[in-house]
Amino acid sequence: MATRSEPGRRSPVAGLAGLRALMRRSLILRVTVAALVAGAVLITVLLGVVTVTIRESVFSDKRDAVLADAMERVRTAQAVLDAATVTSPDEVAFLAQTQVTSIRGSSAGAGGVGVALRRSGSESSSVAINDLSTDAAMDALVTHDITQAVEDAPAGTLAWRPTQVPASIGTQGGSGQEPGVLVGTRLSLPVAGQYDVYVLYTLAPEQRLVTVASRAVITAGVGFALVTVLGVWTVTARVLRPVRQTSLAAQRLASGTLSERIEVRGEDELAGLATSFNTMAASLQAQIERYAALSTVQRLFVSDVSHELRTPLTTIRMASDQLYAARTEIEDPLARRSAELLNDQVDRFQTMLTDLLEISRIDSGRVELRVSQEDLREVVRRVLSAVEVHVTASGAQVHLDLGDQPATAQMDVTRVERIVRNLVTNAIEHAEGSVIDVTVATSSNAVALRVRDHGVGMSPDVVAKVFDRFYRAEPSRRRTLGGTGLGLSIALEDAHLHGGTLTAWGWPADGSSFLLVLPRVLGEDGTPGTLTGAPPLEVVPPDAPAVARTSAGHTSAGQWPGPVSRRTGQPGKSARRLNSTLPDPAVRRRGPLQPLDGGAGQDGARPQEGRPGQEEGQ
């Protein structure tokens, strides 16, 4: 059964995971912990060795002293017993009691705390006296083990065993037990025969000495460990400080601070690292400055060439229009066909020049939005009416789902129409006669348009580059609507100018999807708006295969990817997915595209194709 941690308290598992994460991020902490563990192991081993050595040395010396003292007391007692002239049992008992008391008193200087006298098990004399002891607790200490050892010992030798001395014996006082030694040997009593005498010695002073020594070793070990940890932390921090400075400098260099350099100190390996970093930074700065200068020259070249081409193009346009208008009067079929081809190619050239001019204006940063309150659904209808002839020619079917609620928002209509036109024409180009789904949805602060085709689709690598300028997934592919490779890039920039996002999704053989999300309200003076909350639509269509959904990139629900000037998406991912809920399918209106009032816009006029003169004021 799972256990729950109390509110406000972290579970041990969470604490351990946090410690592991902290150690992964901190080399100083890892080195310090390693030093602490090594020090703890070393101190533990050292403490064990020192403690065992001290204990063995102290107790060995004390044991020898105890045995020597016991032998001396027993010899003295035996001499007294041998010299005594007693004949009755009472006299023998009194003499034995006197010797037991004498041994107890004389052995006190060596740590003796008790004496016991017991009849030997092999004695068969008819005269016997009672067992004697200086303390009743001695009876429990004289066990069969020590008794058997005395019986087996040669005459005139001692047998001994380590034991625990109760605190009640002698003058110990207090509670608990102390280590001791019980020494036994045989005495010969007059008339009564062989008796075993046992002398108990305490080792309490020696135990206190060992305890004090152990505490001293522990204290010294802990102090050594703390000093070691502090020293390792200090040394590691000092050694890693240049590495940390190099890491921070690398981050600042990556963020665009090309003048970032590291101070070089000394001539060691760290100084070599700083020198190498400075060399690398200088090389990168020089390369980026060269690329920036080349990019500036390229933009100026494109801008100048585009503007310079406007004048001859205008003249060519006028001549082409005249020839095209009079083509019915031309009798030569080849000349009449040439006039038609000239008009078509001039239109295409004009579109390309318009795209180049727009890119130049965007790069220059001199773009201003002409803001008005518009319904995105009407914008979609106008664009679809304008491209209806291309839809029919391609054999595709457009299914509309414009919703029931108005999708009004502040926008630059010309730019939004251009975004929608680019998305729709791109879908027509790649749908290969299949269905094109155009969906509009709204939320409290955003409007969204998704254009989804069921054609050849895109691989994740293509999705990552689809918004790049002049990028074409299949350069050799036949294009029916022309194009410069700038359409989606310009559409992304237009979405960015509104503070919106333009994301892409695709899967090979399953089509592709583009999602435009715009804020309902722009900033002051036409500045970009802000997107908050959940997006109205997902870039991944609901009919996408499960593997494509799993592989699609995404952002957290309620969070929007920040507008970028080039590409919204991450390399190697199929799309940037916006988590949201789709409108209820029950209220969707879907069906094939129908002519909208003869192709007229909301004001009754057909939308005009972009010309250089028209695009200039955007």
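User: How are residues sorted into classes when a pocket lining is described?

Analyst: Asp, Glu, Lys and Arg count as charged, Ala, Val, Leu, Ile, Met, Phe, Trp, Tyr, Cys and Pro as nonpolar, and the others as polar. In this predicted model, the lining of the second largest pocket accordingly has 7 charged, 8 nonpolar and 9 polar residues.

User: Which residues lie nearest the centre of the second largest pocket, and how many line it?

Analyst: The lining has 24 residues, and Arg299, Ile359, Ser360, Asp363 and Arg469 lie nearest the centre. At least two lining residues come from each of helix H7 (269-325), helix H8 (333-364) and helix H13 (487-497). The space in this pocket is about 630 Å³.

User: Why is Arg377 called buried?

Analyst: Its relative accessible area is 12%, and buried means under 20%; Arg377 is therefore buried. The residue belongs to helix H9 (residues 376-386).

User: What makes the approach of Arg377 to Gly403 a polar contact?

Analyst: The side chain of Arg377 reaches the backbone oxygen of Gly403 at 3.5 Å. The cut-off for a pair of N or O atoms is within 3.5 Å, so this distance satisfies it.

User: What makes strand S1 largely enclosed by the rest of the structure?

Analyst: Strand S1 (residues 112-119) is largely enclosed because 7 of its 8 residues are buried.

User: How do you know that S1 pairs with S5 and with S2?

Analyst: Pairing requires at least two bridges. S1 and strand S5 (residues 193-202) have 7, in the antiparallel sense, with Arg118 and Asp196 as bridge partners. S1 and strand S2 (residues 132-133) have 2, also antiparallel, and Ala116 stands opposite Ser133 there. Both counts therefore meet the requirement.

Note on methods. Residues numbered from 1 in each chain as written. Predicted model: local features only at pLDDT ≥ 70, side-chain atom pairs only at ≥ 80, totals over all residues. Heavy atoms only, no water. Helix = DSSP H or I, 4+ residues; strand = E, 2+ residues; numbered from the N terminus. Buried < 20%, exposed > 50% of the residue type's maximum accessible area, 1.4 Å probe, protein only. Polar contact = N/O pair within 3.5 Å; in protein donor to acceptor, adjacent residues only side chain to side chain. 1 Å grid on protein atoms, 1.4 Å probe; cavity = no way out; pocket = protein on both sides within 12 Å on 5 of 7 lines; lining within 4 Å. Points joined across faces, edges and corners; volume = space filled by probe spheres on them.
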